[in-house]
Amino acid sequence: MRITEKLMVKDQLISFEVFPPKTDSAFDSIEWSVRELAAFNPDFMSVTYGAGGGTSQYTTKIASLIKNRLDTTALAHLTCASTSKEKIDEILEALKENNIDNILAMRGDIPTDFVKPAGEYYKYASELVAHIKKYECFDIGGACYPECHPECDSLEKDIDNLKIKFDCGVDFFITQLFYDNGVFCEFLEKVRKKGVYAPIFAGIMPITNIKQIDRIISLSGTKIPPKVSDFLEKYKDNPTELEKAGLDFAINQINELLSNGVNGIHIYTMNKPHVAKTVLKGINK
Ligand SMILES: Cc1cc2nc3c(=O)[nH]c(=O)nc-3n(C[C@H](O)[C@H](O)[C@H](O)COP(=O)(O)OP(=O)(O)OC[C@H]3O[C@@H](n4cnc5c(N)ncnc54)[C@H](O)[C@@H]3O)c2cc1C
């Protein structure tokens, strides 16, 4: 089912993000997590795309498992920075053959050690979106950044670029993770003022360990509010309490967003069924 069709019957969606295996040998354990997560009946499940594009077949395979065997709406991520136009079309055909009808179209980042194969490439996600639109059989999602994309000089400029992406045919957006709902609300106001009317799903990543959060901050530049830094400091040597505090924080954050009328919550589950289970139990849905 297309995500926009889901939104016609339900005004707030709850979705999960999973990552695919990198090798055949890891497939079974990832399949187990995906099955456990699908059993919670999310409105859709998204599958990430490896930065270099070399494992794209696993994104399609996991998305197909979700859609065709677990009877859950699937959203396949696709990035164009390190995947040629020719390969993009091969992937789109494979997704079509597997009845996947939702794609999260992104530019992606080029890994530092990656040697880009010869060929033509789309420069920005908006160009990829415009291309996918021609297929007419996919709903198209785009990424957005309440705290500004790290490469952009200002949030205003980033939102101008977001408007270009929207005008190229994005049906819905999913945000980068954030921990301050005020930041999200201000972003939403600015984006709507610019004329970007597509539904925007809030990306929420429950904090479950210190290493994970350190990595995220260094990659995305996400601001950590005092409430979060307080429990990170307090429980830095107590992983059980830290996870508990992280999950509690995520539940409160989600409940506030839901009561403020957000279009949906996209939970970065990191393939951990117990994280999804705890969060779902705590939220007012
Ligand atoms: C929800 C979500 C899921 C993600 N999943 C994945 C994944 O599965 N795999 C993966 O590798 N990465 C993933 N990413 C990371 C994403 O690929 C990176 O953040 C990447 O750096 C930007 O991708 P984009 O599609 O937002 O790029 P774009 O929309 O192309 O924007 C990239 C930069 O270019 C600027 N820009 C855009 N258009 C123009 C223009 N016309 N002129 C000048 N500047 C412009 C923007 O302001 C921004 O700074 C995800 C991110 C999010 C938020």
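The questions below concern the ligand and the aromatic rings of this predicted model.

Q: Why is phenylalanine 231 called buried?
A: Phenylalanine 231 has a relative accessible area of 9%, and because buried means under 20%, the value of 9% places phenylalanine 231 in that class.

Q: What makes phenylalanine 249 count as buried?
A: The relative accessible area of phenylalanine 249 is 15%, which is under 20%, and therefore phenylalanine 249 is buried as well.

Q: Why is the pair of phenylalanine 172 and phenylalanine 201 called tilted?
A: The ring centres lie 5.6 Å apart, within the 6.5 Å that a pair requires, and because the angle of 35° between the planes is neither under 30 degrees nor over 60, the pair is tilted. Phenylalanine 172 belongs to strand E6 and phenylalanine 201 to strand E7, 29 residues apart.

Q: How do you know that aspartate 158 makes a polar contact with the ligand?
A: An N or O atom in the side chain of aspartate 158 is 2.5 Å from an oxygen atom of the ligand, and since a polar contact needs a pair of N or O atoms within 3.5 Å, this pair qualifies. The protein covers 85% of the 980 Å² of accessible area that the ligand has on its own.

Q: What makes lysine 116 count as a charge over the ring of tyrosine 121?
A: Lysine 116 lies over the face of tyrosine 121, at 4.2 Å from the ring centre, and this distance is within the limit of 6 Å, so the distance condition is met.

Technical notes. Residues numbered from 1 in each chain as written. Predicted model: local features only at pLDDT ≥ 70, side-chain atom pairs only at ≥ 80, totals over all residues. Heavy atoms only, no water. Polar contact = N/O pair within 3.5 Å; in protein donor to acceptor, adjacent residues only side chain to side chain. Areas by Shrake-Rupley, 256 points an atom, 1.4 Å probe, with all protein chains shown as cover. Phe/Tyr/Trp six-rings, centres within 6.5 Å; stacked < 30°, edge-to-face > 60°. Helix = DSSP H or I, 4+ residues; strand = E, 2+ residues; numbered from the N terminus. Buried < 20%, exposed > 50% of the residue type's maximum accessible area, 1.4 Å probe, protein only. Lys NZ or Arg CZ within 6 Å of the ring centre and 35° of its normal.
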